[in-house]
Structure formats: C-alpha cells, structure tokens
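Please go through this structure with an eye on its sheet, its ligand shell and one helix position. A short report follows.

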Amino acid sequence: MQNIHVSTYADLEALSLAAARCVIQAAHEAIADHGYFTIALSGGNTPKALYSLLAEEPYTSQIDWSKVEVFWSDERCVPPDSPDSCYRMAYDTLLGKVPLTEQQIHRVPAEQADRDAASQAYTDEMRRVFKTEGTPVFDLILLGMGPEGHTASLFPHQESLKEQVRLVMPVTVPKPPPPRLTFTPPVLNAAKHVLFLVTGKDKAEAVQAVLEGEYNPEEYPAQIVQPSNGDVTWLFDTGAASHLSQKAR
Ligand SMILES: O=C1O[C@H](COP(=O)(O)O)[C@@H](O)[C@H](O)[C@H]1O
C-alpha cells in the first residue's frame, strides 16, 4: 500500500532544500535498516540544484557516502562526457565532489551500440549489487516529469509503458536526444520511496491530470508510478502546482 505526499514550495531553491532533506532521511533510514543506501538518480535540469546542495555543507556530511550505491533511472544514449549525459550532469554537480569510489557509481552503459545488450548489462549490474535474481528494491528513486507527463524515459503511448519482464529497456523518445535506456514500470513500482521533483508552469496541466485526473497512464506515464510497498513524494514549485485544487497542495 503506497502513501502519497504532496508539497509545494515557492521556488526551485526551496524545493531543492526540501528534496535534500528527503534524500538524507531516506539514506539514514536505509543505512539503519540494512547497512547501505541505494539511490537511482534522474536526469534533466530540475535535480541539478539538489545535487549541488548534497555536495555542500551542511548537507554533505549528513550522508555516510561510503554506504551509498548510485544508479540512474534513465540515461541518454550518448558518451558519458556528453553535455546530454545524465551521468555527466550528476558527476559534475555531485558525484565528483563527494567521497564515493568508482565501484559505488553504477553508470548506465548507454553509449554502447547494442542497446539491448547495454540494457541487459545494466540489469545484471543491478542484480549483482542488490544480490537478487529478481527486481531490485531501491531505497530511493528520484524522478522528474515532463510537460507531457513522461517520467524517467517512459513517454506517452510507448510500448515501454506495458513492459513487465525487462527491468531496463531501450526506447526512442520524442525528446532529444531520442535514443535512451530507461527503467521500466516493475523497477519503479518495487521501490521503497519515489521522489518526484517537478517545476514550471508548463507542467501544471500534466501535474493536475496525473494527481487529480482519471487513471490514464498511456496519456500520462507518471501515473504508472505506484509502488506496491513504497511511498511517493511529489515536490512542486508554485508554477507546477498552479492547476491543482487547494486541497491537494
Ligand atoms: O528527459 C528527461 O526529462 C525528465 C524531466 O526533466 P526536467 O528537466 O524537466 O526535470 C527527467 O526526469 C529524465 O531523467 C530525463 O531523461
């Protein structure tokens, strides 16, 4: 049974401070529970401020980085040094500034020409780290949402929305750069916590549809995220939340 929490902040800065507190709390709970913290990062622009905060005091010393394992919920099929790479963005803002070893950073090998093999290799890597033959249960998955309701790289009306077997799969999406690898619904819905960061008035309509509209994940893929044993937290800025009813904010 999932719990849904919704909070709205004045701007990206306030939202990012709240997100940093959520990440720190999830890390503390996970490390106290099983000794390490597994997190899947998102790409895009919105989480940059959060990643920068986590690399700075007073936040960075609140996380025991030696017990963190970092993955990504989606990746663009570009080399890791490309400005479009989700890995590079996270490395430049956070991962390169905190005491993590290379072994703790599990980059999606999305630049490989054989995208099915790359998806399988990433699945194998997750299963190795999580010591499971099944679906890994992430302590925290960070996600964003696009103005058309996409999340990770699950876009409206794509086959990926129906995927129930693969954990990671190649997709071609209508947003540059189109070739990507993405987590599939089973991974997102196995997580203990999912944290969405959503800003901007251009996303207000999709936010309202996802939270208050009828269930229609073909149109609004973010609705698919309903972890069976996890919590979902939505953090909005006032622009993104502007079409929500007062009660939901
Ligand atoms: O393409 C992507 O977009 C979403 C949303 O990004 P944002 O810049 O609008 O926050 C992101 O979560 C995803 O990881 C990324 O590949």
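Ala20 sits in helix α1, which covers residues 12–34. The model is a predicted one. Is Ala20 buried or exposed? A residue counts as buried once 20 or more other C-beta atoms lie within 10 Å of its own. Ala20 has 22 other C-beta atoms within 10 Å, so this residue is buried. Gln226 is 206 residues away from Ala20 along the chain. In space, 22 Å separates the C-alpha atoms of Ala20 and Gln226.

**The sheet**

Six strands form an open sheet with parallel pairing. Their order is β1-β9-β8-β5-β2-β3. Strands β1 and β3 (68–72) are at the edges, each with a single partner strand, so one side of each has no neighbour in the sheet. From one strand to the next, the twist averages 15°.

Strand β9 spans residues 231–237. How many of its seven residues are buried? Five of them are, which leaves β9 mostly covered. Two strands pair with β9. Strand β1 (residues 3–9) does so in the parallel sense, over seven bridges. Strand β8 (residues 193–198) also runs parallel to β9, with six bridges between them.

Individual residue pairs show how these strands line up with β9.

| Residue | Partner in β9 |
|---|---|
| Asn3 | Asp231 |
| Leu195 | Thr233 |
| Phe196 | Trp234 |

A helix links into this part of the model too. Helix α6 (residues 204–212) joins β8 and β9 in a β-α-β unit. Which hand does this β-α-β unit have? The unit is right-handed.

**The ligand shell**

Around the ligand there are 13 residues. Which of them come nearest? They are Gly43, Gly44, Asn45, Thr46 and Gly144. By class, the shell holds eight polar residues, three nonpolar and two charged.

**The annotated span**

UniProt, in an unreviewed entry, places the feature "domain: Glucosamine/galactosamine-6-phosphate isomerase" at residues 11–234. In the model, the end C-alpha atoms of residues 11–234 lie 14 Å apart. Helix makes up 30% of this span and strand 17%.

**In brief**

Strand β9 has β1 as a partner over seven bridges and β8 as a partner over six. Ala20 in helix α1 is buried. The ligand has Gly43, Gly44, Asn45, Thr46 and Gly144 as the nearest of its 13 surrounding residues.

Conventions: Residues are numbered from 1 along each chain as its sequence is written. This is a predicted model: local features need pLDDT of at least 70, side-chain atom pairs count only at pLDDT 80 or more; totals for chains, interfaces and linings use all residues. A residue is buried if 20 or more other C-beta atoms lie within 10 Å of its own, exposed if 12 or fewer, and partly exposed in between; C-beta atoms are placed from the backbone. Helices (H or I, at least four residues) and strands (E, at least two) are DSSP runs, numbered from the N terminus. Two strands pair if DSSP finds at least two bridges between them. A crossover is right-handed if, with the strands pointing away from the viewer, the path from the first strand over the helix to the second runs clockwise. Axes are lines fitted to C-alpha atoms, for helices over the stretch in contact, and angles run from 0 to 180 degrees between N-to-C directions. A residue is near a molecule or strand if its C-beta atom, placed from the backbone, lies within 6 Å of it. Ala, Val, Leu, Ile, Met, Phe, Trp, Tyr, Cys and Pro count as nonpolar, Asp, Glu, Lys and Arg as charged, and the others, Gly among them, as polar. UniProt positions are given in the numbering used here, feature names are shortened, and annotations may be inferred rather than shown by experiment.
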